[in-house]
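This report describes one sheet, the helices beside it, and the cysteines of a protein model. Please examine the sequence and the structure before reading on.

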Amino acid sequence: MHVVLIALQADMIRSLAAGGHSITLLYEPRHKRQALELSPLITRRCAVDSYERVESLWSGLECLDLTEPVEVVLAGHERAVVSAAVLGSQLGATAVDPLVAMGCRDKATQKSRWSQAGVPTARWCVMTNGAESVQQVRESLSAAGLEPPVVIKPPLGGGSLFVSVANSYAEICDSAGATDELSRPLVEQKIDGPEWHLDGLVQKGRITDLMVSKYLTAPIRTGTGAPVRSVALPPAMHEETYAAAMDFSQRAVDALELARGVFHLEAFGQPGRFIAGELACRPGGTLISRVGESILGLDLWAASAQLFTGDPIVRKEVDPGLVHGWVHLPSVAGSRNSVTEADILGIDGVTSVSLKVPVGAVMGGMLTSSSNGIGAATVSGSSEEECRIAMDRVVDRVQDFHEKRPYDSVGD
């Protein structure tokens, strides 16, 4: 099949190549190096200025002067979900329906659909013209039955970027006015208590695979500089939790009419009393897909392609008695990174590592997004507590490296 992939996603490319498919890759310039590295697996490729602009994507295809019809259009990034659906629809290719894609991308749209279907979600509103005054904010929230504390976020955001908690109407005004990204902010009631992410596969409208994970440090706490941590629960050890999560997830995807694909659903509360946060029709970020391989025995990114090409979903055996999780690796804004993959892999309990800030590169801060930091690591253990201890060990060791082993001393 001829597959157009919007955004570079290595696992999807490898899976498509293994299936013998012709791959046309549309990528942003920041991914050029990875595109070159994977070029032996790619049939043709073209740089585009934005994954979100359909006209840019369409122009890229026109520049390639394709001689074979496009049969499947896939998104390899959150920002490509809606544009891939629209492009696929226009080309008559197999893809996510644009209305479904919008419901799985825009947080206000999905909350509206959940509310109509009786799926519990936090009270919310969208300030369509931003925060123009404290009085206007107060009136907008009052009309929706909201009051501080609230969470402010872009309706089309991701990775907790530009997400913050506001404890007063004045704080809402200040936060929403601080960036153009919040010129049309979604405001929702802050919910305290446990936070979860539910990751699974939908085939013919039914969830066939599900992984239940609990945040030990939730993304919203990124604003405090705390690295995000998550532990996945083995299904055999948590049957009741999985039953409740399966029922809740099925209701959530039904309301959004997602009949085929991989999803990442954020939720609050307790099993049996879950409250929907937000849902994306693509695999979760960070190393969730790697943990999925250990819990479900499948690569979520590869599966997200196989579901649309019709290839068999590749599965492998897993150890049902092991607990797995992941943790972000902290950074120090403005300093050069001195931490290597070998440093992390040498820590007890670590099973894999992904560094996105090379040794010697300047590190960004941890305060603006849950995806910031120098990378992430996966851990495993015989219990949740063992995983928690391993994550603490990783964070402490990385912070120690930053403090006591500056970049200039690496290799001495």
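An open sheet of four strands follows the order S5-S8-S6-S7, and its pairing is antiparallel. Strands, like helices, are DSSP runs numbered from the N terminus (strands E, at least two residues; helices H or I, at least four), and two strands pair if DSSP finds at least two bridges between them. Strand S5 (124-126) and strand S7 (164-166) form the edges, each pairing on one side only. On average, neighbouring strands are turned by 25° against each other, direction ignored. The model is predicted: local features need pLDDT of at least 70 and side-chain atom pairs pLDDT 80 or more, while totals for chains, interfaces and linings use all residues. Residues are numbered from 1 along each chain as its sequence is written, and side-chain values use heavy atoms, without hydrogens and water.

S5 pairs with strand S8 (residues 186-189) in the antiparallel sense over three bridges. Here Cys125 stands opposite Val187 in S8.

Two helices pack on the sheet, as the table shows (contact means heavy atoms within 4.5 Å; axes are lines fitted to C-alpha atoms, for helices over the stretch in contact, and angles run from 0 to 180 degrees between N-to-C directions).

| Helix | Strands touched | Angle |
|---|---|---|
| H6 (residues 107-117) | S5, S6 (150-153), S8 | about 140° with S5 |
| H8 (residues 169-176) | S6, S7 | about 150° with S7 |

A search of the whole structure finds zero disulfides, a disulfide being a pair of cysteine sulfur atoms within 2.5 Å. For Cys281, the nearest cysteine sulfur, that of Cys104, is 4.1 Å away. Cys281 has a relative accessible area of 14% and is therefore buried (under 20%; exposed is over 50%, partly exposed in between, with a 1.4 Å probe and protein chains only). Cys387 is also buried, at 0%.
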